[in-house]
Amino acid sequence: AYARLASIFGPSAQIARISADDFCILLPFDGKGLVAEDYALKAIDLLSAPFQLEEGEIRLEPSIGIALLPRDASDVETAHRVAGLALRAAKDRNGAQYDFFSPPLNERVQMEMLTETLLRTALKTRQLTLHYQPQVCPANGQLVGLEALIRWPSEKRQFIPPSEFIPVAEKTGLILELGQFVLDEACKQAAHWRREGFEFGQVSVNVSPIQFRRGNFANIVRQTLSAYDLPAHLVCLEVTENVFLDTGEQLILDILSELQTIGVQMSLDDFGSGYSSLSYLHRLPFQELKIDRAFLSGADQHPQKARLFKGIVGLGRSLGLRIIAEGAETAGEYALAAAHNCDGLQGFFCTPAIPADEVASRLAAFHRSLDEAAGNCLGEGERKLRA
Ligand code: C2E
Ligand code: CA
Ligand code: CA
């Protein structure tokens, strides 16, 4: 592999093999970087071609990080560091890839490394907490479930949004520890509510594909349930369609069927937002479909969107799935989801995620607001009748 690279980049390049598939290359800067780009493409092609060895054929899935000198670094140490950063960026993409070092890349990677360090500490010192967002039945406003959402309190902002640190956690493997924390906390809370006689329906926990694919995931679930003496059907695990990327369907099916045996509910999250291959839907043992917020958002104002939403509800319904509509923000969106008989609605119109001990009072306030709205409608009706 080294020889193949050397043949492309020539004697002025310094090539370092970091691991079997990973290379860092230092190249002289030609003023534009165009030649280097051309070389990089060739290098990926060459390295991706199978190698014939005596024992048989092997294939690499190469990643190459490239730094151009002296533009990107003026000393050896910096040059190796920035080429390493470029390699890290290249590895973030799927398949055979290369990347060049650049200042924005530097900033991004620095930011990620900082996040990783802080997150590690936050996990250790138990700074992370869970908030819960109610899902209510549109027919009567009753609680049918709660989604546990992770919250990382911050001094500068109220919370660091999960969208900023979950991807970092997934990249660094910290998601395993984080996911375990979330599952544990949510089960503990659910067991507490159950003892208190608070009927919450089910508690939903987000599971990252990385957690899900780990061989012992079902066992972890089993152990956590038994630690809190919690009946499995009170827990729902939410996975997105991303679990199907990079993972063989048979493996997914095996994990799902083991979870099925345990008796937890399974929900397909953000449905319709990404890689929605409808072909798998009927084969997989899910009980619930969560329709991505994008479909409900503004659908009460746009008839075409409303039809699409209705169609997705119908699709899920015909497969016998419980339907949760996400992201109802306005009375109009809530009414639309209610009109299509979704089993549950989750959205700011009811409430954003809140600490566990505020759930009961927030729901009571929501019910009062529904009653008032109904009262107003009645009032209007009566006024019309009298007029
Ligand atoms: P998600 O699973 O789709 O969670 C729903 C997100 O939508 C939450 O954002 C929630 O606050 C937000 N949301 C709910 N109702 C509304 C609404 O009416 N309008 C709008 N605009 N947004 C609404 P959050 O808490 O920031 O979480 C973002 C994502 O982070 C989640 O998306 C989930 O993918 C991930 N996440 C959160 N907690 C965890 C966790 O414990 N584990 C894992 N693996 N991922 C998590
Ligand atoms: Ca979710
Ligand atoms: Ca979602």
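Visitor: Which helices and strands each supply at least two residues of the shell around ligand 1?

Guide: Three elements do so: the strand β8 (143–153), the helix α5 (162–172) and the strand β12 (265–271). Please keep in mind that this is a predicted model.

Visitor: Which of the elements gives the most to the shell around ligand 1?

Guide: That is β8, which contributes 4 residues. Altogether, 19 residues surround ligand 1, and the closest are Q133, R151, R293, E329 and F348.

Visitor: How many residues of each class does that shell have?

Guide: Sorted by class, the shell around ligand 1 holds 7 nonpolar, 5 polar and 7 charged residues.

Visitor: I should now like to read individual contacts. Which polar backbone atoms lie 3.2 Å and 2.7 Å from atoms of ligand 1?

Guide: One looks for pairs of N or O atoms within 3.5 Å. Here, a polar backbone atom of I150 is 3.2 Å from a nitrogen atom of ligand 1. A polar backbone atom of F348 is 2.7 Å from an oxygen atom of ligand 1. A side chain takes part as well: a polar atom in the side chain of D269 lies 3.1 Å from an oxygen atom of the ligand.

Visitor: How much of the ligand does the protein bury?

Guide: Ligand 1 exposes 800 Å² when taken alone, and the protein buries 81% of that.

Visitor: Let us turn to the sheet. In what order do its 4 strands stand?

Guide: The order is β1-β2-β5-β6, in an open sheet with mixed pairing. At the edges are β1 (14–17) and β6 (97–100), each of which pairs on one side only. On average, neighbouring strands of this sheet are turned by 20° against each other, direction ignored.

Visitor: Do β2 and β5 run parallel or antiparallel, and which residue of β5 is the bridge partner of L26?

Guide: Strands β2 (residues 22–28) and β5 (residues 63–69) run parallel and are joined by 7 bridges. The bridge partner of L26 is A67 in β5.

Visitor: Which helix lies across these strands?

Guide: Helix α3 (residues 76–92) lies across β1, β2, β5 and β6, and runs at about 145° to β5.

Visitor: What should I look for in the backbone itself?

Guide: Most peptide bonds are trans, and most residues other than glycine have a negative phi. Here, the peptide bond from L69 to P70 is cis, with omega near 5°. P70 is found in the loop between β5 and α3. R126, which is not glycine, has a positive phi, near 55°. R126 sits in the loop between α4 (103–124) and β7 (129–136).

Terms used:
Residues numbered from 1 in each chain as written. Chains lettered and ligands numbered in written order. Predicted model: local features only at pLDDT ≥ 70, side-chain atom pairs only at ≥ 80, totals over all residues. Heavy atoms only, no water. Pairing = 2+ DSSP bridges. Axes fitted to C-alpha atoms, helices over the stretch in contact; angles between N-to-C directions. Contact = heavy atoms within 4.5 Å. Near = heavy atom within 4 Å. Polar contact = N/O pair within 3.5 Å; in protein donor to acceptor, adjacent residues only side chain to side chain. Areas by Shrake-Rupley, 256 points an atom, 1.4 Å probe, with all protein chains shown as cover. Nonpolar A, V, L, I, M, F, W, Y, C, P; charged D, E, K, R; others polar.
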